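Here are some exercises to work through with the model open on your screen. Try each one yourself before you read the solution.

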Amino acid sequence: GGAFSGFSVVTIDAGSMAIADVGSDLFGVSLRTTTGGLSAGAITAPGNILIDSAATASIGALRTDSGIDILAGGNTSVTSADAVTRVVMTVDGNLTSGAINASGLTAAADINVTGDAQIASVTAGGLIDVDLGGALTGGTFDAGGTLTIDAASIDIASASSDTFGVGLRATSGALAADALTAAGSVQVASAAGATLGTIDAGANIDVTAGGDSTIGSATADGNLTVSITGNLSSGALLAGAGLSILDLNVSGDAQVSSARSAFILDADVGGALTGGAFASGSTTIDGGSIDLASVDGSGAGGVIANAVNGDAAIGALNSGGNATVNALAGAVTLGTLNTVLNGRLNGASIALDQGTIGADLEVAASAGDIAGTGAITVGGRIDLNASGNVGFGSLAAQGGGFTVGAGGDIAFTAASSSDRIAMTAAGDILGGNLTAPNAIQLSAARIAIGNATAGSIGLTS
């Protein structure tokens, strides 16, 4: 049929329908089919617009100062939908839609589709609720209230909430979004992998994915949790307010440019962990192997780093309490180690260039050497043990004894202790000056040192 226009309510009921534009000057429009499909052009009315099709529906641009309700028993296409109080679409099939806008302050957009949906954009002054049985592809989704999207898979440009939270769930496939922003929390759950751009939340962020995933960056004013079954490539992760916790769990490899939390950082990576700065009040890192530019634990909780089956390499480690680094199946390599309390390094081999240790320093190499070239100052005692060689620059134990044991040689620039020095090597001891107020005891196949100053000196070779 042609176009329909009236001053009052426009109501059309038919078995099936194919008409042009429809308009009402004062009230609403109601179009209903009982057995077949419904096709209509643009529909404009100040009152409610109702589209009820027993089968498929093809509709032009919809515009009303009230609400829009669409019910369709088959595949549906909508050029656009612009309402003030609400937009509700219930489709038994697939949906293709242009921009959907519910502009009122508390207006809602409620989209329910049994199949797939391709939606250009959705904007609502209140909540947005999208529930699909199939795949969602689309552009921007912007809610004044809560925004929730559930679909088999999700691929959109962005999702945001001006006052509350954002929740996205892909029940069987992958999830992709370029930007996620919320005044409240952001929750992302994907049965497969997730490809995410920037995430910014005024409260918590929770990302869970069942496959390889990428994150551009994530900034939470509350807690930040990332759980990935697979590999992760991520930009900066920040849990930045108060007693916030950053919890990173990755079953495979993880490449993270930086990770920071105001309170606690806990990283558990099954494969190789590589990245930049990891920092928190208390920092715990477990990885198959670890290769990071720096690790900071500024609070009393300090730093614990464990490489389960590979190397642990950290450019600079700073701890407000104790610091422990373990790599029992690999090498521990530290450029700088600074602690307020104790420093403990355990690995197949150890390399430490420089540092300041507030209390004791304990270093053990179970299947290799201990090596260092710079100056290390220790507020307590020093204990170095290696199955291979031990080499260091200048070491000072300012609050206790200095003990070194080596299955090979011991070589050093200078050694001092506030108590005593004892060195035992299966090979040679080659070094510079030694100073201790009590005793110096050296035992090796060959001994060649500089000056030795102590209450008593014993050399055995």
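The exercises below deal with a predicted model.

**Exercise 1. Work out which side chains of strand β22 are buried and which are not.**

Start by finding the strand: β22 covers residues 186–190. Next, recall the general pattern: side chains in a regular strand alternate between the two faces of the sheet. Now sort the residues by face. Val186, Val188 and Ser190 point to one face, and these are buried. Gln187 and Ala189 point to the other face and are not buried.

**Exercise 2. Find the strands that pair with β22, and say in which sense they run.**

Take β20 to begin with, at residues 166–170. Five bridges join β20 to β22, and the two run parallel. For a landmark within this pair, look at Leu168, whose bridge partner in β22 is Val188. Then move to β24, residues 205–209. β24 also pairs with β22 in the parallel sense, again over five bridges. Here the landmark is Gln187, which stands opposite Asp206 in β24.

**Exercise 3. Decide whether Asp52 and Arg32 are buried, partly exposed or exposed, and describe how they interact.**

Check the distance before anything else. The closest N and O atoms of Asp52 and Arg32 are 2.7 Å apart, and the pair forms a salt bridge. Then place the two residues: Asp52 sits in strand β8 (residues 49–53) and Arg32 in strand β5, 20 residues apart, so the pair links distant parts of the chain. Last comes accessibility. Asp52 has 19% relative accessibility, and because buried means under 20%, Asp52 counts as buried. Arg32, at 30%, is partly exposed.

**Exercise 4. Do the same for Asp82 with Arg63, and for Arg169 with Asp150.**

The side chains of Asp82 and Arg63 meet in a salt bridge at 3.7 Å, N to O. Asp82 lies in strand β11 (residues 76–83) and Arg63 in strand β9 (residues 57–64), so this pair ties together parts that are 19 residues apart in sequence. Both partners are partly exposed: Asp82 at 26% relative accessibility, Arg63 at 35%.

Now the other pair. The salt bridge between Arg169 and Asp150 has an N to O distance of 2.6 Å. It links distant parts of the chain, with Arg169 in β20 and Asp150 in strand β18 (residues 147–151), 19 residues apart. Arg169 is partly exposed at 43%, whereas Asp150 is buried at 15%.

To put these pairs in context, the structure holds ten salt bridges. If you fancy another one to look up, Arg344, Asp360, Glu362 and Arg381 are linked in a salt-bridge network.

**Exercise 5. Describe the surroundings of Thr283.**

Locate Thr283 in strand β30, residues 264–307. Its relative accessible area is 0%, so Thr283 is buried. For polar partners, look at Asp296: its backbone oxygen lies 2.7 Å from a polar atom of the Thr283 side chain. Then list the contacts, leaving out residues up to four places away in sequence: Leu265, Val295, Asp296, Gly297, Gly302, Val303 and Ile304.

**Exercise 6. Which residues join Phe27 in a nonpolar surface patch?**

Place Phe27 in the loop between β4 (22–24) and β5 (29–33). At 44% relative accessibility, Phe27 counts as partly exposed. Its companions in the patch are Val9 and Leu26, and together the three have about 300 Å² of accessible area.

Note on methods: Residues are numbered from 1 along each chain as its sequence is written. This is a predicted model: local features need pLDDT of at least 70, side-chain atom pairs count only at pLDDT 80 or more; totals for chains, interfaces and linings use all residues. Side-chain values use heavy atoms; hydrogens and water are left out. Patches are made of residues with over 30% relative accessible area and no salt bridge: like charges are joined within 9 Å, nonpolar side chains (Val, Leu, Ile, Met, Phe, Trp, Tyr) within 5 Å. Accessible areas come from the Shrake-Rupley method with a 1.4 Å probe; for residues, only the protein chains shown count as cover. A salt bridge is a side-chain nitrogen of Lys or Arg within 4 Å of a carboxyl oxygen of Asp or Glu. Helices (H or I, at least four residues) and strands (E, at least two) are DSSP runs, numbered from the N terminus. Buried means under 20% relative accessible area, exposed over 50%, partly exposed in between (1.4 Å probe, protein chains only). Two strands pair if DSSP finds at least two bridges between them. A polar contact is a pair of N or O atoms within 3.5 Å; within protein, one must be able to donate a hydrogen and the other to accept it, and residues adjacent in sequence count only if both atoms are side-chain atoms. Contact means heavy atoms within 4.5 Å.
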